Amino acid sequence: VQLQASGGGLVQAGGSLRLSCAASGRTFSNYVLAWFRQAPGKEREFVAAISRSGSNTYYTDSVKGRFTISRDNAKNTVYLQMNSLKPEDTAVYYCAADFGGFGGSYYDVKNRDYHYWGQGTQVTVSS
């Protein structure tokens, strides 16, 4: 599956952005999806994930209550709605996908070996 992320940009603290990630090539609903981010000088970190049906979502603690992951299987697209943005949210955001479902714990979701990655989209939050 090929992934194409978009929607990044420059926003002031407290603002909002919605990232999109369009997929092509395979049956979209067979894949779990996730968003990761990588800030300059830091390791890539898990942000959020969503099950194949969209019924289960997972978030890292720092974005809970501010970010919402969703998917539209008819449009082969996963979204990340980001509200109340903070300067520390500045990073390149990547969407990722993996075949199959989530069967384990949050730890397993976060540390899963996602096999497909988009190219990344820059999010910059100014203070």
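## Asn 76 and its surroundings

In this predicted model, Asn 76 has a relative accessibility of 24%, and it counts as partly exposed because that value lies between the 20% under which a residue is buried and the 50% over which it is exposed. Asn 76 sits in the loop that runs between β7 (67-72) and β8 (77-82).

The backbone of Asn 76 also deserves attention, since its phi is positive, at about 55°, although the residue is not a glycine. For comparison, most residues other than glycine have a negative phi.

## Ser 84, beyond β8

A positive phi is also found at Ser 84, where the angle is about 50° although this residue, too, is not a glycine. Ser 84 belongs to the loop between β8 and β9 (91-99), and with a relative accessibility of 41% it counts as partly exposed.

## The sheet that holds β7 and β8

The strands β7 and β8, which flank the loop of Asn 76, pair with each other in the antiparallel sense over six bridges. Within this pairing, Ser 70 has Tyr 79 of β8 as its bridge partner. In general, strands of a sheet pair through backbone hydrogen bonds, and they may do so in a parallel or an antiparallel way.

Seen as a whole, the open sheet is formed by four strands in the order β1-β3-β8-β7, with antiparallel pairing. At its edges stand β1 (2-6) and β7, each of which pairs on one side only, and from one strand to the next the twist averages 15°.

Key
Residues are numbered from 1 along each chain as its sequence is written. This is a predicted model: local features need pLDDT of at least 70, side-chain atom pairs count only at pLDDT 80 or more; totals for chains, interfaces and linings use all residues. Side-chain values use heavy atoms; hydrogens and water are left out. Helices (H or I, at least four residues) and strands (E, at least two) are DSSP runs, numbered from the N terminus. Buried means under 20% relative accessible area, exposed over 50%, partly exposed in between (1.4 Å probe, protein chains only). Two strands pair if DSSP finds at least two bridges between them. Axes are lines fitted to C-alpha atoms, for helices over the stretch in contact, and angles run from 0 to 180 degrees between N-to-C directions.
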